[in-house]
Amino acid sequence: MDPDLARRLTSAEGAEALDAARAETDPDSLGAATRLRSRFDPDLAAAALDQVSLRSRAVDKIGPAGAQMMWTRDGLEQATRGPVSAWRAARLRQAGIRRVVDLGCACGADSRACLDAGLEVTAVEIDPAVAELARFNLPGARVLCGDVEALADELMAGAAATAVMLDPARRTGRGRSWRIEDIRPSWGFVRQMLAGPFTTVVKLGPGVPRELLPEGVRVDWVGHRRDLVEAALWSGTESGSGGSRHSAVLVGEDPSAPLTLLGGEPALSTGPVADHLAEPHPAVIRARAMRAAASGADVHLPAPGIAYLLAPEPVASPWLTWFRILAEMPLAEKVLRSWVREHRVGTLEIKVRGLDVDPAALRRRLRPRGPNRATFILMPTSEGARALVARRVEG
Ligand SMILES: C[S@@+](CC[C@H](N)C(=O)[O-])C[C@H]1O[C@@H](n2cnc3c(N)ncnc32)[C@H](O)[C@@H]1O
């Protein structure tokens with residue numbers, strides 16, 4: 001989107017076009033496009049119709065505020081989920097922060113949550129069109145268009161009770177990137193902010209390699225529902241004292257009171273297949289908080305580095321999905337195929353850890369047919385690769 005179109009979209013003329021687009025029962029139809037083009041120029045008509053579908057997706061991701069905001073496709077994709085933004089804002093408030101400087105705000109999902117939490121917000125965005133939309137989306141905030149790597153010193157000079165918030169873009173001209181060298185603002189700048197005197201929170205992709213994380217920062221591996229959504233790095237007053245600290249954080253109904261487990265545990269010991277197996281939430285695995293997730297119960301792993309927990313009985317925990325093990329077989333396709341045939345299994349779920357097996361391809365080769373369903377869990381054990389037949393423990 002060009003900045004001029006963004007300005008028009010956020011003007012009175014844009015509001016009129018949006019009203020007309022919202023009144024359409026099928027905004028993606030040719031009829032809707034024709035009707036809007038008869039009243040507005042083609043670019044504004046297309047942008048208004050686009051907003052209708054972006055806003056409806058934004059409500060799913062952000063919550064009701066998403067319906068009042070203006071989006072670009074990229075801006076919505078990069079936006080933080082609503083409850084997670086609210087958690088970050090609540091944490092900043094709880095730490096006594098009164099003002100946040102959002103260095104790379106995009107359409108402003110994180111900034112908006114800060115405003116909603118009663119924080120003062122200065123937001124900066126390098127893309128002029130996106131900055132225009134952010135200005136509309138963040139009433140009451142100061143929104144600047146510019147390069148934060150040039151502006152940060154000026155913005156932070158003499159500021160008290162101020163936190164820096166960074167959520168670097170992970171895209172290149174070729175699409176999404178996982179390489180730390182590709183993030184913008186640059187990793188060098190992010191590290192400089194983390195080492196600075198202010199409370200700083202940085203959102204990184206959940207796949208960030210652990211060895212890249214700077215020493216002395218606090219790292220929250222943040223889960224929402226069953227997903228690991230980000231690594232949040234905290235420094236300054238929020239980092240806690242001394243050394244690195246890893247936690248698993250599960251954001252739920254009340255974002256100001258997430259479930260938290262302290263991680264950084266030594267590796268669990270390994271042992272034989274037991275009556276029950278748990279799949280830990282991925283946040284627990286990244287934070288290395290598996291013993292804590294099982295409330296300190298006697299659990300072990302099937303093999304070094306294989307993140308399944310084995311125990312005689314399930315331990316109730318919001319972090320663990322438990323399965324009862326019904327049978328154990330060597331990992332041989334002939335054996336598995338006979339089992340599937342004998343038990344007339346038509347719906348087969350296959351979970352794999354630590355083995356080079358493609359579950360979809362294996363499922364096809366096992367030719368499931370019949371009225372029953374089953375779950376196979378494939379993993380290495382001290383006795384070699386095994387296939388376990390498992391049933392989810394409900395509740
Ligand atoms: C991942 S998005 C931020 C999403 C935001 N936290 C949200 O929840 O909506 C990162 C943004 O930073 C912007 N950006 C990248 N480098 C920048 C720079 N040097 N100065 C200012 N903004 C920058 C990008 O254009 C992009 O819009």
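**Exercise 1. State what the volume of the largest pocket is and which residues and elements line this pocket.**

Step 1. In this predicted model, the largest pocket has a volume of about 1,000 Å³. A pocket is an open set of points on a 1 Å grid over the protein atoms alone, with protein on both sides within 12 Å along at least five of seven lines, and lining residues have an atom within 4 Å of a point. A volume is the space filled by probe spheres set on the points, which are joined across faces, edges and corners.

Step 2. The lining holds 44 residues, and Q78, A106, D167, A169 and R170 are the closest to the pocket centre.

Step 3. Elements that give two or more residues to this lining include helix 5 (73-78), strand 1 (99-103), helix 7 (109-116) and strand 9 (227-235). Helix 5 provides the largest share, 4 residues. Helices (H or I, at least four residues) and strands (E, at least two) are DSSP runs, numbered from the N terminus.

Conventions: residues are numbered from 1 along each chain as its sequence is written. Local features need pLDDT of at least 70 and side-chain atom pairs count only at pLDDT 80 or more, while totals for chains, interfaces and linings use all residues, and side-chain values use heavy atoms, with hydrogens and water left out.

**Exercise 2. Find how many cavities of 30 Å³ or more the structure has, and describe the lining of the largest cavity.**

Step 1. A cavity is a set of grid points where a 1.4 Å probe fits but cannot get out. The search of the whole structure gives 1 cavity of 30 Å³ or more.

Step 2. The volume of the largest cavity is about 100 Å³.

Step 3. Its lining consists of 12 residues; R170, W178, I180, G205 and V208 lie nearest the centre.

**Exercise 3. Decide whether R99 and T381 are buried or exposed, and list their contacts beyond four places in sequence.**

Step 1. Buried means under 20% relative accessible area, exposed over 50%, and partly exposed in between (1.4 Å probe, protein chains only).

Step 2. R99 is found in strand 1. This arginine counts as buried because its relative accessible area is 15%. Contact means heavy atoms within 4.5 Å. Leaving aside neighbours within four places, R99 touches L119, E120, T122, L155, A159, A161, T162 and A163.

Step 3. T381 belongs to strand 16 (residues 372-381). Its relative accessibility is 11%, so T381 is buried. With the same neighbours left out, T381 is in contact with V273, P302, A303 and R386. T270 is 111 residues from T381 in sequence, yet the C-alpha to C-alpha distance is 8.6 Å.

**Exercise 4. Locate the cis peptide bond and the residues A161 and R344, which have positive phi.**

Step 1. The peptide bond from R184 to P185 is cis, with omega near -5 degrees. P185 sits in the loop between strand 6 (175-176) and helix 10 (187-194).

Step 2. A161, not a glycine, has a positive phi of about 50 degrees. A161 lies in the loop between helix 9 and strand 4 (162-166). With a relative accessible area of 26%, A161 is partly exposed.

Step 3. R344 also has a positive phi, near 50 degrees. The loop between helix 13 (333-342) and strand 15 (345-352) holds R344. R344 is exposed, at a relative accessible area of 51%.
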